[in-house]
Amino acid sequence: MPSRRLSAAATRYVAAVELIEPASLLDAGISLMLIDRDNTCVPRDTRKAPAAVLAWLDDIRAAGIMVCLVSNNFHTDQVRASAAELRCDAVDHAMKPAPFALERAMRMMGEVPERTVMVGDQVFTDVLAGNLAGARTILVRPQCRRDLWYTHIFRIFEHLALRGKKFEGE
């Protein structure tokens with residue numbers, strides 16, 4: 001049974017997704033990476049993944065780690081377009097921090113929480129959902145400052161929750 005926990009603490013804190021080494025995931029027994037879309041892989045101000053993120057995802061897949069986009073975004077066409085660009089499967093309308101979409105993605109990809117990591121840029125959606133689903137979690141810094149209006153409010157509380165946390169790569 002996975003270790004589900006109601007916690008805002010991530011397993012790791014990394015400055016940017018491209019700094020997550022595939023070998024570190026393999027060493028941790030990870031075979032599935034669930035990854036957030038907005039401001040994790042795709043900046044909100046461009047809606048296209050940077051070349052560095054695309055190259056990093058190629059390295060992740062080359063290491064044998066499966067990738068699935070899990071997004072709260074309600075615009076299915078945008079999520080599907082990003083999934084095609086990132087060359088991975090996707091689950092939209094995730095409603096994180098509820099863990100149900102992460103659990104669906106794990107079933108879809110044939111993997112268990114113990115071998116899964118959730119990577120995202122928000123404490124109160126991505127990290128909390130990953131922890132509730134029993135997966136490990138990696139919090140990254142958002143790619144840009146542009147966000148939805150309500151995300152700006154969450155970022156205030158996130159700033160407090162992250163006080164004193166060191167991010168790898170900073």
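User: Rings of Phe, Tyr and Trp pair if their centres lie within 6.5 Å; how many aromatic pairs does a search of the whole structure find?
Analyst: This is a predicted model, and the search, which covers the whole structure, finds an aromatic pair formed by Tyr 13 and Phe 167. Their centres are 5.4 Å apart, which satisfies the cut-off of 6.5 Å. The number found is 1.

User: Is the pair of Tyr 13 and Phe 167 stacked or edge-to-face?
Analyst: Planes over 60 degrees apart count as edge-to-face, whereas those under 30 count as stacked. Between the planes of Tyr 13 and Phe 167 the angle is 70°, so by that cut-off the pair is edge-to-face.

User: How many residues apart in sequence are the parts that this pair ties together?
Analyst: Tyr 13 belongs to strand 1, residues 12-14, while Phe 167 sits in the segment that follows helix 6 (149-161). The pair therefore ties together parts whose separation in sequence is 154 residues.

User: Does Phe 167 count as buried or exposed?
Analyst: Buried means under 20% relative accessible area. Tyr 13, at 10% relative accessibility, counts as buried, and Phe 167, with a relative accessibility of 5%, likewise counts as buried.

User: What radius of gyration does the protein chain have?
Analyst: The protein chain holds 6 helices and 6 strands, and its C-alpha atoms fill a box of roughly 35 × 35 × 30 Å along the principal axes. For 170 residues a compact globule would have a radius of gyration near 15 Å, and the chain agrees with this, its own value being 14 Å.

Conventions: Residues are numbered from 1 along each chain as its sequence is written. This is a predicted model: local features need pLDDT of at least 70, side-chain atom pairs count only at pLDDT 80 or more; totals for chains, interfaces and linings use all residues. Side-chain values use heavy atoms; hydrogens and water are left out. Helices (H or I, at least four residues) and strands (E, at least two) are DSSP runs, numbered from the N terminus. The radius of gyration is taken over C-alpha atoms; the globule rule is 2.2 Å times the number of residues to the power 0.38. Rings of Phe, Tyr and Trp (its six-membered ring) pair if their centres lie within 6.5 Å; planes under 30 degrees apart count as stacked, over 60 as edge-to-face and the rest as tilted. Buried means under 20% relative accessible area, exposed over 50%, partly exposed in between (1.4 Å probe, protein chains only).
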